[in-house]
Amino acid sequence: MDLRDFYLLAALIACLRLDSAIAQELIYTIREELPENVPIGNIPKDLNISHINAATGTSASLVYRLVSKAGDAPLVKVSSSTGEIFTTSNRIDREKLCAGASYAEENECFFELEVVILPNDFFRLIKIKIIVKDTNDNAPMFPSPVINISIPENTLINSRFPIPSATDPDTGVNGVQHYELLNGQSVFGLDIVETPEGEKWPQLIVQQNLDREQKDTYVMKIKVEDGGTPQKSSTAILQVTVSDVNDNRPVFKEGQVEVHIPENAPVGTSVIQLHATDADIGSNAEIRYIFGAQVAPATKRLFALNNTTGLITVQRSLDREETAIHKVTVLASDGSSTPARATVTINVTDVNDNPPNIDLRYIISPINGTVYLSEKDPVNTKIALITVSDKDTDVNGKVICFIEREVPFHLKAVYDNQYLLETSSLLDYEGTKEFSFKIVASDSGKPSLNQTALVRVKLEDENDNPPIFSQPVIELSVSENNRRGLYLTTISATDEDSGKNADIVYQLGPNASFFDLDRKTGVLTASRVFDREEQERFIFTVTARDNGTPPLQSQAAVIVTVLDENDNSPKFTHNHFQFFVSENLPKYSTVGVITVTDADAGENKAVTLSILNDNENFVLDPYSGVIKSNVSFDREQQSSYTFDVKAIDGGQPPRSSTAKVTINVMDVNDNSPVVIYPPSNTSFKLVPLSAIPGSVVAEVFAVDIDTGMNAELKYTIVSGNNKGLFRIDPVTGNITLEEKPAPTDVGLHRLVVNISDLGYPKSLHTLVLVFLYVNDTAGNASYIYDLIRRTMETPLDRNIGDSSQPYQNEDYLTIMIAIVAGAMVVIVVIFVTVLVRCRHASRFKAAQRSKQGAEWMSPNQENKQNKKKKRKKRKSPKSSLLNFVTIEESKPDDAVHEPINGTISLPAELEEQSIGRFDWGPAPPTTFKPNSPDLAKHYKSASPQSAFHLKPDTPISVKKHHVIQELPLDNTFVGGCDTLSKRSSTSSDHFSASECSSQGGFKTKGPLHTRQVNEHFYWSISTAYKCPVNQY
């Protein structure tokens, strides 16, 4: 017995002795196509592995490591700390994993892997077998989307014709289970024949007699389904061609044939000679052999079939290791629609043509193909897992494994074909620094084939002393705003080892981006400029590491404190503080707080506040920032206050900053509405009996100098509308007819309108009188004005109709006669005026007269200059002066039941840009009694100046009207009896005095100007005049 035979025998004996203590096997079953991170098993739990060292009784941290080839894409992963097995992102596809294998359900598809448990004291090799179960992820498919079948026309009913079977890569119930014929037209049916191998072959059944001359083609669909969940299916077009008669079909001598052929058979070797016979003669007996549709394309590439003789030969090299069994279906056709079928099973036998394979998987990762071990590694240190295999079978596939020469390593068998390479004795770096040896794998074939693998192992010196710092905690301090590269300190450590194991390098830990450390000298410097306000203290670690393998290291803590400098100015929380206070707030009230910060520390952050430019309206606490008022607020006088505040810190030198402060005075509802329209409490408007319901007969307009909801107004009729003839819009103040006036409604109507704001918490309001005269005409204005004067004696909470019925009805005939006479006089005056003075009558005025038959009445006085301007295009006034009418009530809570005590004030007016300046003369004498109801007598006395001019750049906010009626100084009729007729005249004469007799007539010093508003003419009739008034 030579040395080689001895090694072979020793390896064989080692292969038979398996160490069950370190070699264990687990089997798991999973479904294919699982997503990533699905748990498969738990190695320590499933094997009941204890983490307690039996020798020492101490607990140890086990490491689980998957043994795999470099570059492999693992299908599973193992947690190194817990030993749990999970799926990876690499999809497990059963059909791909077990491609070429039989799909019978009893044949398992699996893959194997190995896991080692470290450290060495707990070492185990776990062999894991994972069985992959099939899921229904493939639909059954026919070999072709269109299947053509030819059937003779004399085919008997219930005759059967084979249909190419569908295939499904899935197995079991997920494979082909059911066929269905769609649109069989009652001519054909479908039957399923199951073969001994479990295959399902569909057959087409003829159910009616065929006649090719009547119909020679039938097109149907055939559907195949599997049994999976969810169920998958596919369809193919089945086209049946009816052919002429061929009575006999070919017949094979043997329908099932099995042959064997070695895998090294040369190309051209005969496999089998098939022979079929046909009872027909002539062309119907000529047989042609072809492969069936079920034959795989790979099989057709390996074998050739002679179409005439039926001889099957090898046309390409065979490889049993690739495919061991080939099933070939051969059809023999004589041209009829029903060929004969024979199945040939070709078994490829093994030949020892494959050398053993050595799969070397390192447990200790090699560096450039070399495994590095420490000289202190214990005996039985695991280096690699070696798996030997041979693609051949039987004796040709039996492999033994051994080490070629004597080294301090050996192979330990753990499974039939797996070995552990481990140390067999203690290693000595000083004795041998490097080992290089071969592992041999040899099969038992004749002749035997071998394979070798080279293993290189290098030993390393041990590094067992870490560096030691002289101080475990190093404390430093540095002022902020330092220069870059400032030296801080030198850090040092020592190591008791020698050589490269004693060479120390220094490294900064995390949170040390503001520092630089020399790796060799340990000099610590500042890499950035420190800002104490951003970070006051830095705490980080310094690591000293030697150059040993593996390197040892230790750490020291470094604490750097940054000292403050006065480098930050005080900072206000806002550049512009805005506070809001209510008006009427008492003096010395708190109106706001100024907040300011300083990022410095100590005296550098002590801040003092002061006001720069306030004129002592406010007081500021220099330390708390509280602002208190030194004035009482009135929003109508001043709506906001603005001043600057300065903050200065206590640093050296001190730093300061400023901010703006605005105190906004919020409105309080302390102003009642002021009436603009009607122009006085003695004005009236004519409402003709022909007015239709819904038409606007008058309007009331007021303003409130408050703001917001305090200036939002609401209009209501509180008295005088007992018949419900009128209605006022609560928002616009427009008074409209609710129903058409009746003869009984003729006369004067006094409406008491309440104008209230929506202020909070208390609403303020004002009353105004609106007189409406219901009649077709208003010829006798003096009579109407007398009625108005007499109604002033009636309390506001009573309707004038209750006590003034005589005002309207007792002299009705006299009134009618006066109206007719007045109308005639007006007509005559107008006619004469037009003939004498207005030869070119204004069409525009005539149109206005027709539209404004029922408008407010007030005197119309215009000078020659205004007449010329009216011929030009009318321009909206840019601004107007409001004539305010304010009625002050003695009891605002019950305004309806109180008489009116009011004053009317007329400030300086504004007029259009084309008017220029006007100089009002001294106040004309008036004839009003002290108790006169005409409030217009107060206009002149309330005027702040005698002369005024238009200010185009002074806008006035008017909410409901864009232009406002401008009134004369007093609200009396100042023209002559023909003044109203002059309104429609184009004469350029100025009228400067009254032509008729009156008790209080006066002459004006200059021309008076009346502005037209919204196409309306406003007349105000004074009781002092006795002359008739012409009406438009």
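## Strands, ring pairs and salt bridges in a predicted model

E636 is partly exposed, with a relative accessible area of 29% (buried means under 20% relative accessible area, exposed over 50%, and partly exposed in between, with a 1.4 Å probe and protein chains only). Its partner in a salt bridge is R635, where the closest N and O atoms are 2.9 Å apart. R635 counts as buried, at 14% relative accessibility.

Before going on, a word on the model: it is predicted, local features need pLDDT of at least 70, side-chain atom pairs count only at pLDDT 80 or more, and totals for chains, interfaces and linings use all residues. Residues are numbered from 1 along each chain as its sequence is written, and side-chain values use heavy atoms, with hydrogens and water left out.

### Salt bridges

The structure holds 20 salt bridges, each being a side-chain nitrogen of Lys or Arg within 4 Å of a carboxyl oxygen of Asp or Glu. Here are three of them, with their N to O distances.

| Pair | Distance |
|---|---|
| R635 and E636 | 2.9 Å |
| R361 and E114 | 2.9 Å |
| D93 and R91 | 3.7 Å |

The pair of R361 and E114 is worth finding on your screen. R361 lies in strand β24 (residues 357-362) and E114 in strand β6 (residues 109-118), so the pair ties together parts that are 247 residues apart in sequence. Both R361 and E114 are buried. In the pair of D93 and R91, D93 counts as buried at 16% relative accessibility, whereas R91 is exposed at 51%. Elsewhere, salt bridges that share partners join R532, E533, E536 and D564 into one network.

### Strands and sheets

Strands here are DSSP runs (E, at least two residues), and helices are runs of H or I with at least four, numbered from the N terminus. Two strands pair if DSSP finds at least two bridges between them.

One open sheet has four strands in the order β8-β14-β13-β10, with mixed pairing. Its edge strands are β8 (146-152) and β10 (176-182), each of which pairs on one side only. Within this sheet, β13 (residues 217-226) and β14 (residues 233-243) run antiparallel over nine bridges, and K223 has T235 in β14 as its bridge partner.

Is strand β22 enclosed or open to its surroundings? Seven of the nine residues of β22 (residues 325-333) are buried, so the strand is largely enclosed by the rest of the structure. β22 pairs in the antiparallel sense with β19 (residues 288-291) over four bridges, and with β23 (residues 340-349) over eight bridges. R288 has S333 in β22 as its bridge partner, while A332 is matched with A340 in β23.

### Aromatic pairs

Rings of Phe, Tyr and Trp (its six-membered ring) pair if their centres lie within 6.5 Å; planes under 30 degrees apart count as stacked, over 60 as edge-to-face and the rest as tilted. The count comes to 18 aromatic pairs. In one of them, the rings of F142 and Y179 have centres 6.0 Å apart and planes at 55°, so the pair is tilted. F142 sits in the loop between β7 (124-133) and β8, and Y179 in strand β10, so the pair ties together parts that are 37 residues apart in sequence. F142 is buried at 9% relative accessible area, and Y179 counts as buried at 3%. By contrast, F577 and F579 have ring centres 6.2 Å apart and planes at 10°, so this pair is stacked. Ring pairs also link F514, F515, F530, F538 and F540 into a cluster.
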